[in-house]
Amino acid sequence: MAIETLQLEHLPASHKVHVAMFRDVTNASFLHQQLLARNAEFEYAFIDASVLLSRLQLLSAIFKATTAAVNQALKTPNVHSEIVAYMSASNNIADAYRRYGISPGTKDLIVVRVTFPTEAAPEPQTGDAVWAHLAGAVEGRAVPVSDDNIAKAADLTKIRKYYKLNGLNWLDSQKDDEKKRKEMEMIILSGMALRGV
């Protein structure tokens, strides 16, 4: 099974976060259509992995979105759309969906599902059930959600454009690629943290 279940400390024990990553996805157009149709079976945060620089960036968006959900402070229809919105450093939700969410051309995909008890479903979906649905719905190669796999999918040109990192001479002059990535990550995380402040 290639899904990872996280128990975040700030969430009640009944809330679980399930994450998976798929490379070489061939049916992104179908998945995108399910979201647009608001198909309840596809209530996931579908994130284009090419705009991620690190696992920490993903976890930061999940943390902020789940905190908003628990505090009943969502600005989007549900916690999953909130995760995609929190990937952005700006407050433009439509822009966040377009840039960070799945599109028909997405090749590498991060999928997040937050499960918790509700009146309609007092027993939340298990990680096994989430994985069974994803394994049948996503046509792609499942890989661990690791920094290494995220780095392989990252489109640095797109990331620099979306997070407005172009033209930073001190960043461009950095010769050590690993150090440059860490600097970029800190700027991105800072922008995400300050979003809406």
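**Group meeting: Ser50, a pocket and two nonpolar cores**

Let me start with Ser50, whose side chain is joined to that of Lys158 by a polar contact of 2.8 Å, where a polar contact is a pair of N or O atoms within 3.5 Å, one of which, within protein, must be able to donate a hydrogen and the other to accept it, with residues adjacent in sequence counting only if both atoms are side-chain atoms. Before going on, I should say that this is a predicted model, in which local features need pLDDT of at least 70 and side-chain atom pairs count only at pLDDT 80 or more, while totals for chains, interfaces and linings use all residues. Residues are numbered from 1 along each chain as its sequence is written, and side-chain values use heavy atoms, with hydrogens and water left out.

The side chain of Ser50 also makes a polar contact of 2.7 Å with the side chain of Asp48. Ser50 sits in the loop between β3 and α2 (55–70); helices (H or I, at least four residues) and strands (E, at least two) are DSSP runs, numbered from the N terminus. Is Ser50 buried or exposed? Its relative accessibility is 10%, so Ser50 counts as buried, given that buried means under 20% relative accessible area, exposed over 50%, and partly exposed in between, with a 1.4 Å probe and protein chains only. Beyond residues up to four places away in sequence, Ser50 touches Asp108, Ala153, Ala154, Asp155, Lys158 and Ile159, contact here meaning heavy atoms within 4.5 Å.

Next, the largest pocket, which has a volume of about 560 Å³. A pocket, on a 1 Å grid over the protein atoms alone with a 1.4 Å probe, is an open set of points with protein on both sides within 12 Å along at least five of seven lines, and lining residues have an atom within 4 Å of a point. Its lining comprises 23 residues, with Leu35, Leu36, Tyr44, Ser81 and Tyr97 lying nearest the centre. The elements that each supply at least two lining residues are α1 (28–36), β3 (45–48), α3 (79–86) and α4 (93–100), and α1 gives the most, with four.

The largest nonpolar core has 40 residues, among which Val17, Ile83, Ile110, Val112 and Tyr163 touch the most other members; such a core is a set of buried Ala, Val, Leu, Ile, Met, Phe, Trp, Tyr and Cys residues joined through side-chain atoms within 4.5 Å. Its largest share, five residues, comes from α2. Apart from this core lies another, of 17 residues, including Tyr44, Trp131, Ala137 and Val138.

To take one member of the largest core, Tyr163 lies in the loop between α7 (156–162) and α8 (169–172) and counts as buried because its relative accessibility is 8%. Leaving aside neighbours within four places in sequence, Tyr163 is in contact with Val51, Gln57, Met87, Ala89, Tyr100, Ile188 and Met192.

Finally, two backbone angles deserve a careful look. Most residues other than glycine have a negative phi. Lys164, in the loop between α7 and α8, nevertheless has a positive phi, near 55°, and counts as exposed because its relative accessibility is 64%. Gln72, which belongs to the loop between α2 and α3, likewise has a positive phi near 55°, and with a relative accessible area of 75%, Gln72 is exposed.

Methods:
Grid points are joined across faces, edges and corners, and a volume is the space filled by probe spheres set on the points.
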